[in-house]
Amino acid sequence: MYFDCWTTQFETKYEDKTNGTFAVIVLVNGDSCKVYSKKDPKFCYEMDYLDMVIVPASVEEFVVENTGNLPATIHKTCLKPGFEHQLDTYYSARRIYGKK
């Protein structure tokens with residue numbers, strides 16, 4: 001697999017880095033959260049339950065702040081380091097076996 005998935009639960013906030021690739025954040029439990037750039041907090045999105053947010057790689061560091069009354073749980077998906085090599089291997093194998 002060329003991507004990783006994590007589930008994180010928190011009371012107040014969660015901080016992370018994009019590590020050069022985009023991240024997909026989904027609020028799977030809780031009321032609401034605010035996702036924002038650590039460098040520029042005005043670059044933000046207020047998410048509700050089951051909203052999905054794509055955090056661009058250019059954001060570099062971001063914060064998910066719980067703005068609801070319940071603990072928040074998010075699912076985060078992002079590309080693994082070296083994903084380009086894994087995709088090249090996948091597509092090469094498909095060509096070898098005649099699949100399009």
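These are my notebook entries on a predicted model of a single chain.

**Entry 1: overall layout**

I began with the secondary structure and found one helix and eight strands in the chain. Reading along the sequence, I wrote down the pattern β-β-β-β-β-β-β-β-α. I then looked at burial across the chain, where buried residues account for 32% of the 100 residues. For contacts with a separation of 6 or more, I noted that 74% come from residues 24 or more positions apart.

**Entry 2: the four-stranded sheet**

Which strands make up the open sheet, and in what order? I found four of them, ordered E2-E7-E4-E5, with antiparallel pairing. The edges are taken by strand E2 (13-17) and strand E5 (44-48); each has a single partner strand, so one side of each has no neighbour in the sheet. From one strand to the next, the twist averages 20°.

I followed E2 to its partner, strand E7 (residues 61-66), and counted five bridges in the antiparallel sense. To fix the register, I looked up Glu15 and found that its bridge partner in E7 is Val63.

**Entry 3: strand E3 and its two partners**

Next I turned to strand E3 (residues 23-29). Is it mostly covered or mostly uncovered? It is mostly covered, since five of its seven residues are buried under the 20% cut-off.

E3 pairs with strand E6 (residues 52-55) through four bridges, in the antiparallel sense. Here I noted Ile25 standing opposite Val53 in E6. E3 is also joined to E8 by six bridges, and these two strands run antiparallel as well. On that side, Ala23 has Cys78 of E8 as its bridge partner.

**Entry 4: rings**

I searched for aromatic pairs, and the count came to one. It consists of Phe10 and Tyr14, which are stacked at 6.2 Å centre to centre with 25° between the planes. I kept both values because a pair of aromatic rings is described by the distance of the centres and the angle of the planes. Are the two partners buried or exposed? Phe10 counts as buried at 8% relative accessibility, and Tyr14 is buried too, with a relative accessible area of 17%.

I also checked for charges over rings. Lys34 lies over the face of Tyr36, and I noted 5.7 Å from the ring centre.

**Entry 5: cysteines**

How many disulfides does a search of the whole structure find? I got zero. For the background, a disulfide is a covalent bond between the sulfur atoms of two cysteines. I looked at Cys5 to see why it has no such bond: the closest cysteine sulfur, in Cys78, is 8.2 Å from its own, which is too far. The cut-off I needed for this step is 2.5 Å between the sulfur atoms. Cys78 is familiar from Entry 3, where it is the bridge partner of Ala23.

I then compared surroundings. Cys5 counts as exposed, at 53% relative accessibility, whereas Cys33 counts as buried, at 0%.

**Entry 6: a loop lysine**

Where is Lys80? I found this residue in the loop between strand E8 (72-79) and helix H1 (83-96). Lys80 is partly exposed, and its relative accessible area is 24%. My last look-up was a distance: the C-alpha atoms of Lys80 and Thr21 are separated by 8.5 Å, while the two residues are 59 residues apart along the chain.

Key: Residues numbered from 1 in each chain as written. Predicted model: local features only at pLDDT ≥ 70, side-chain atom pairs only at ≥ 80, totals over all residues. Heavy atoms only, no water. Pairing = 2+ DSSP bridges. Axes fitted to C-alpha atoms, helices over the stretch in contact; angles between N-to-C directions. Phe/Tyr/Trp six-rings, centres within 6.5 Å; stacked < 30°, edge-to-face > 60°. Buried < 20%, exposed > 50% of the residue type's maximum accessible area, 1.4 Å probe, protein only. Lys NZ or Arg CZ within 6 Å of the ring centre and 35° of its normal. Contact = heavy atoms within 4.5 Å.
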